[in-house]
Amino acid sequence: SVHNVKEPTACAEKSGFIYHKGHEFIPLFYHFPANCEACTKPLWNMFKPPLALECQRCQIKCHKEHMDKKEESLRPCAPDQFNPQFNTG
């Protein structure tokens, strides 16, 4: 039987995912302006950015600390809603 073998890089990447409320967060750093989903503090810094998470499914971004503290300010993942931050109402 032929097994579907994935690239080693893809496997390594996948193991770095953080699952929370349906999100598939990947940890990264932003050196350019980015906004946190859960608070108003800057999510980026040119030189020493805070550790951030971005959902690979719905593309929301937040400080990793919100996830660590299991804060309720993070909404569940909704990849079907395109750019939900621009939804009014």
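## Lys61, His23 and the salt bridges

Lys61 is partly exposed, with a relative accessible area of 25%. That makes Lys61 a handy place to start a walk through this predicted model. Lys61 belongs to strand β4, which covers residues 61-63. Leaving out residues up to four places away in sequence, Lys61 touches Tyr30, Ala34, Asn35, Cys36, Glu37, Leu43, Leu53 and Glu54. Leu28 sits 33 residues from Lys61 along the chain, and the C-alpha atoms of the two are 9.8 Å apart.

Let us step back to the whole chain. The protein has 2 helices and 4 strands, and read from the N terminus these elements follow the order α-β-β-β-β-α. There are 89 residues in the protein, and 29% of them are buried. About 6400 Å² of the protein is exposed, with carbon and sulfur atoms supplying 56% of that area. Among contacts with a separation of 6 or more, 47% are between residues 24 or more positions apart.

How buried or exposed is His23? With a relative accessible area of 1%, His23 is buried, because that value falls under the 20% cut-off. His23 lies in strand β2, residues 23-28. The side chain of His23 reaches the backbone oxygen of Arg75 at a distance of 2.6 Å. Beyond neighbours within four places in sequence, His23 is in contact with Ile18, Cys55, Cys58, Ile60, Arg75, Pro76 and Cys77.

Arg75 turns up again among the salt bridges. How many salt bridges does a search of the whole structure find? The search finds 4, and the table sets out three pairs, among them the one with Arg75.

| Pair | N to O distance |
|---|---|
| Glu37 and Arg75 | 2.8 Å |
| Glu65 and Lys41 | 3.1 Å |
| Lys64 and Asp68 | 2.9 Å |

Take the pair of Glu37 and Arg75, whose closest N and O atoms are 2.8 Å apart. Glu37 lies in the loop between β2 and β3 (52-55) and Arg75 in the segment after α2 (64-68), so this salt bridge ties together parts that are 38 residues apart in sequence. Both partners are partly exposed: Glu37 has a relative accessible area of 29%, and Arg75 has one of 22%. Arg75 therefore appears in two roles here, as a salt-bridge partner of Glu37 and, through its backbone oxygen, as the group that the side chain of His23 reaches, while Arg75 itself is partly exposed. Glu37 is also one of the residues that Lys61 touches.

Next come Glu65 and Lys41, which form a salt bridge with closest N and O atoms 3.1 Å apart. This pair links distant parts of the chain, with Glu65 in helix α2 and Lys41 in the loop between β2 and β3, 24 residues apart. Glu65 counts as partly exposed at 32% relative accessibility, and Lys41 counts as partly exposed at 46%.

The remaining pair in the table stays within one element. The side chains of Lys64 and Asp68 meet in a salt bridge at 2.9 Å, N to O. Why are Lys64 and Asp68 separated by about one helical turn? The reason is that they are 4 residues apart in helix α2. Asp68 is partly exposed, with a relative accessibility of 47%.

Technical notes: Residues are numbered from 1 along each chain as its sequence is written. This is a predicted model: local features need pLDDT of at least 70, side-chain atom pairs count only at pLDDT 80 or more; totals for chains, interfaces and linings use all residues. Side-chain values use heavy atoms; hydrogens and water are left out. Buried means under 20% relative accessible area, exposed over 50%, partly exposed in between (1.4 Å probe, protein chains only). Contact means heavy atoms within 4.5 Å. Accessible areas come from the Shrake-Rupley method with a 1.4 Å probe; for residues, only the protein chains shown count as cover. A polar contact is a pair of N or O atoms within 3.5 Å; within protein, one must be able to donate a hydrogen and the other to accept it, and residues adjacent in sequence count only if both atoms are side-chain atoms.
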